[in-house]
Amino acid sequence: MKLIRITPSLLYSPLQVLLIASCISFFFNNSVHSASLFAGSKSVSIKLGTASSGNQNYTVAGASLQYFALDNLAIGGGYEYWFSGSPTISKASLHSTYYFSLDQDIKPYLGVLYSHYFVEDRSDIDAYGYRLGVSYIKSPMILSAGIKQEKYISNNPVYFDEDPQLEFMVGFSF
């Protein structure tokens, strides 16, 4: 049985962040949207980065949507597609995140998540975990940086790196 080790590394270059922000801001009119964390607001985030599995290096592209069910409490989901390596990997996630109201623009957050990995020609893999970090919110943009850690619960004989990973997001609220 071949062991697979997945270690996401979602470090963005300034060019990637600028490209993502430019593409998203094209679709949003700043006068209409607000980077609020109030009940009923929504946010969308784009992810672009790299990951590795064994000796394979991947390019990772993904998106995430959140809905604020209560003030400062978001529920949402996301999808990632890992390509340029073999086997191809897709990841679907459900998450809930609470943003603490300590400052007007800077808000620490804590969240829980569940992920399901679809690995080409292999058994699927399930994981749960947490994320924590800080968000900088300036209408309509949300910039977040933090750590994420997952524990893999599948019965498959597959080894994953369960160390905390850095994550960076660029998002927009509407």
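Here are some exercises, each with a worked solution, on the predicted model shown above.

**Exercise 1. The fold as a string of elements**

Work out how many helices and strands the protein has and in which pattern they follow one another.

*Solution.*
- Step 1: Begin by counting the elements: there are one helix and nine strands.
- Step 2: Now walk along the sequence, and the pattern reads β-α-β-β-β-β-β-β-β-β.
- Step 3: Turn to the contacts with a separation of 6 or more: residues 24 or more positions apart account for 55% of them.

**Exercise 2. Inside and surface**

Find what share of the residues is buried, and say which atoms supply 64% of the exposed area.

*Solution.*
- Step 1: The protein has 174 residues, and buried residues make up 43% of them.
- Step 2: About 9,100 Å² is exposed by the protein.
- Step 3: Carbon and sulfur atoms supply 64% of that exposed area.

**Exercise 3. The nonpolar cores**

List the residues of the largest nonpolar core and name the strands that each supply at least two of them.

*Solution.*
- Step 1: A helpful background idea is that nonpolar side chains tend to be buried together in soluble globular proteins.
- Step 2: In this model, the largest nonpolar core has 10 residues in all: A51, Y58, V60, W82, I89, Y117, V119, I125, A127 and Y152.
- Step 3: At least two residues of this core come from each of β3, β6 and β7 (125-138).
- Step 4: Another core lies apart from it and has seven residues, including F68, Y99, Y109 and I142.
- Step 5: For a close look at one core member, pick V60. Setting aside residues up to four places away in sequence, V60 touches K47, L48, G49, T50, A51, E80, Y81 and W82.

**Exercise 4. The largest cavity**

Describe the largest cavity by its space, its lining residues and the elements that line it.

*Solution.*
- Step 1: The structure holds three cavities of 30 Å³ or more, and about 260 Å³ of space lies in the largest.
- Step 2: Its lining is made of 22 residues, with K47, S64, H95, R131 and M169 lying nearest the centre.
- Step 3: Two or more lining residues come from each of β2 (42-53), β3 (56-70), β4 (73-83), β5 (89-99), β6 (106-119), β8 (141-152) and β9 (165-173).
- Step 4: The element that gives the most is β5, with five residues.
- Step 5: Sorted by class, the lining has seven nonpolar, eight polar and seven charged residues.

**Exercise 5. Special spots in the backbone**

Decide whether N72 and S84 are buried or exposed, and find the residues joined by a cis peptide bond.

*Solution.*
- Step 1: N72 sits in the loop between β3 and β4. Its phi is near 70°, a positive value in a residue other than glycine.
- Step 2: The relative accessibility of N72 is 13%, so N72 counts as buried, since buried means under 20%.
- Step 3: S84 belongs to the loop between β4 and β5. Here phi is near 75°, again a positive value in a residue other than glycine.
- Step 4: With 53% relative accessibility, S84 counts as exposed, because the cut-off for exposed is over 50%.
- Step 5: The cis peptide bond joins S86 and P87, with omega about 5°. P87 lies in the loop between β4 and β5.

**Exercise 6. Three partly exposed residues**

Find where Y128, F100 and P108 are placed, and which residues they contact.

*Solution.*
- Step 1: Y128 is in strand β7 and is partly exposed, with a relative accessible area of 40%. Leaving aside neighbours within four places in sequence, Y128 contacts L113, Y114, Q149, E150, K151 and I153.
- Step 2: Y128 and Y152 are 24 residues apart in sequence, and their C-alpha atoms are 6.7 Å apart in space.
- Step 3: F100 is in the loop between β5 and β6, and its 34% relative accessibility makes it partly exposed. Beyond neighbours within four places in sequence, F100 contacts K107, P108, Y109 and L110.
- Step 4: P108 is in strand β6 and counts as partly exposed at 25% relative accessibility. With neighbours within four places in sequence left out, P108 contacts Y98, Y99, F100, L102, G133 and V134.
- Step 5: P108 and S144 are 36 residues apart in sequence and 9.2 Å apart in space, C-alpha to C-alpha.

Notes
Residues numbered from 1 in each chain as written. Predicted model: local features only at pLDDT ≥ 70, side-chain atom pairs only at ≥ 80, totals over all residues. Heavy atoms only, no water. 1 Å grid on protein atoms, 1.4 Å probe; cavity = no way out; pocket = protein on both sides within 12 Å on 5 of 7 lines; lining within 4 Å. Points joined across faces, edges and corners; volume = space filled by probe spheres on them. Helix = DSSP H or I, 4+ residues; strand = E, 2+ residues; numbered from the N terminus. Nonpolar A, V, L, I, M, F, W, Y, C, P; charged D, E, K, R; others polar. Buried < 20%, exposed > 50% of the residue type's maximum accessible area, 1.4 Å probe, protein only. Contact = heavy atoms within 4.5 Å. Areas by Shrake-Rupley, 256 points an atom, 1.4 Å probe, with all protein chains shown as cover. Core = buried A, V, L, I, M, F, W, Y, C linked by side-chain atoms within 4.5 Å.
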